[in-house]
Amino acid sequence: MARRLTPAMQQFMDIKKEHPDCILFFRMGDFYETFFEDARVASKELEITLTKRGRTPADKDIPLAGIPYHALDSYLYKLTRKGYKVAIVEQLEDPKFAKGVVKRGLIRIVTPGTVLESKELDTRKNNFVMAIAPLGQEEPGAGGIEKRRAGTGDTRTELTGAESYGIAFSDISTGEFLTTSVEGIDALLDCIRKYNPCEIILPESLREFPAFMERARDISAYFFDYPAQKFSFEHAYQALLSHFNTDSLSAFFIDDNKAAVMSSGALLSYLKETQKTQLSYINTIRLVAEQEHMVLDATTLRNLEIFANLHDSSSKGTLFSVVNHTTTAMGARLLSQWLMSPLLDLAGIQQRQDAVQALSDDVLLQKDLAAELRHIHDIQRLISKIAYGSANARDVVSLRSSLARIPALKKHLSQKLTNQKQSSSAPTSPSLSLSSSS
DNA sequence: GCTTCCCTCCCAAAGC
DNA sequence: GCTTTGGGGGGGAAGC
């Protein structure tokens, strides 16, 4: 009689069956262990030893590769950067009180665009996961849309059959969630190149158009299919209402933007499915309003060498590298966003210029602010780690010490504002505002 | 039925 | 200062 899988191996196989597209990191004591084909892949990609433990019902060795739990971060980062999804399976009860094998369950799926933990994540850049929702798309394969549209001059729809595209993107390490919609494939590809996401989810129907994937070949993000039903307007709209606990989306200015709703709802569903949390700190959607910001497409960004130079695509000699004297990671990311989308609103531009002028005129204030900011860690990412339950004691201490610096910062800025008000002798001198836009 | 041994990687401690 | 060793903790196979 053939032997059966041991209870622990059966546990592994049951969870694997639910998530065949993921590498399962199965917690066994102080190790995360992978078995079968996952072990072969992990061994090859992570350069760790492939060994064996136990036998299959067919009396073959079961491949095993594993890592100690405290080294999870760096291995997770390595696998996701190579485009793998990793399902983390934890022990859900105290082994001391377990009858038989310890209960285990999936606690999170880490994907290229949702990796939080690694120290190797560039703090100066956002790590975006993006969802694309085609609107007005005809069924693919029904006679060949590309053939039918060929020669008609309709460049908007000839590649995918869609009239417009909803685009939503989020950096879950900072809690930012943005959306927009664009007309035509060129604008879509520009938007992807501009925000440079690590991961893009899209309905299968879009991937069925080879011409689209061909045009997107230079994009370095990993593309994953996601069920078309999640992109449907009804499903997406309900997902958003339910998450934000509201009756309408008018507060986010997307109520009448069908494509943006579809992409945002799908992205939120995807994040909830993979992160297994309520994502309570994603508490707003920011509509990227192109009429308020100058549109710098990917070609312009590249030719102006804003973030990457033309020579070797590194940051050496770029505008960002020259002007970036920020002290905190949050400041670097904000500056990066400002350079990517310069303001068009005159009042807003003048407000920023006044703030810069006011600071450059006051060397003492500069020094005081810098002295405080130097002790402020990446509060956005620390809060996200706490919300996900992946923060350690050091993270909590870092957050405490960072928050402790805020009163002093506010005091320095308040004093500056008070001094400005009192100096009525120079009414046209630049002023510092505490508004969020500056 | 009980005990011992095995097994990934990492790091501290021991030994040289 | 460098190299070697063993513990960390689960689960299961093997030995007694």
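**DNA contacts and a pocket**

Tutor: Let's start at DNA strand C: a backbone N or O atom of Pro7 sits 3.3 Å from one of its phosphate oxygens. Keep in mind that this is a predicted model.

Student: OK. What about Val102 and the phosphate of DNA strand C?

Tutor: Val102 also uses the backbone there, with an N or O atom 2.9 Å from a phosphate oxygen of strand C.

Student: How many residues surround that strand, and which are the closest?

Tutor: There are 14 around DNA strand C, and the closest are Thr6, Ala8, Asp30, Arg53 and Val102. Of the strand C atoms that come within 4 Å of the protein, 80% belong to sugar and phosphate.

Student: Which elements supply at least two residues of that surface?

Tutor: Helix 1 (7-18) and strand 2 (31-35) each do that for the surface near DNA strand C. By class, that surface splits into seven nonpolar, three polar and four charged residues.

Student: And what does Glu33 reach on DNA strand C?

Tutor: A base nitrogen: an N or O atom in the Glu33 side chain is 3.4 Å from it. Glu33 turns up on DNA strand B as well, where a polar side-chain atom lies 2.6 Å from a base nitrogen.

Student: Switching to strand B then. Where do Arg53 and Thr49 touch it?

Tutor: The Arg53 side chain has an N or O atom 2.2 Å from a base oxygen of DNA strand B. Thr49 goes to the phosphate, with a polar backbone atom 2.6 Å from an oxygen.

Student: Which element gives the largest share of the surface near strand B?

Tutor: Strand 4, with four residues. In total 13 residues surround DNA strand B, and Gly66 and Tyr75 are among the closest. Sugar and phosphate make up 63% of the strand B atoms within 4 Å of the protein.

Student: What's the class mix there?

Tutor: Near DNA strand B you get seven nonpolar, four polar and two charged residues.

Student: New topic: how much space is in the second largest pocket?

Tutor: About 990 Å³. Its lining has 35 residues, with Asp73, Glu117, Lys385, Ser390 and Asp395 nearest the centre.

Student: Which helix gives the most to that lining?

Tutor: Helix 16, with five residues. Elements giving two or more residues also include helix 3 (72-81) and helix 17 (393-403).

Student: And how do the classes divide in that pocket?

Tutor: The lining of the second largest pocket has twelve nonpolar, twelve polar and eleven charged residues.

Terms used. Residues are numbered from 1 along each chain as its sequence is written. Chains are lettered from A and ligands numbered from 1 in the order in which they are written. This is a predicted model: local features need pLDDT of at least 70, side-chain atom pairs count only at pLDDT 80 or more; totals for chains, interfaces and linings use all residues. Side-chain values use heavy atoms; hydrogens and water are left out. On a 1 Å grid over the protein atoms alone, a cavity is a set of points where a 1.4 Å probe fits but cannot get out, and a pocket is an open set with protein on both sides within 12 Å along at least five of seven lines; lining residues have an atom within 4 Å of a point. Grid points are joined across faces, edges and corners, and a volume is the space filled by probe spheres set on the points. Ala, Val, Leu, Ile, Met, Phe, Trp, Tyr, Cys and Pro count as nonpolar, Asp, Glu, Lys and Arg as charged, and the others, Gly among them, as polar. A residue is near a molecule or strand if one of its heavy atoms lies within 4 Å of it. A polar contact is a pair of N or O atoms within 3.5 Å; within protein, one must be able to donate a hydrogen and the other to accept it, and residues adjacent in sequence count only if both atoms are side-chain atoms.
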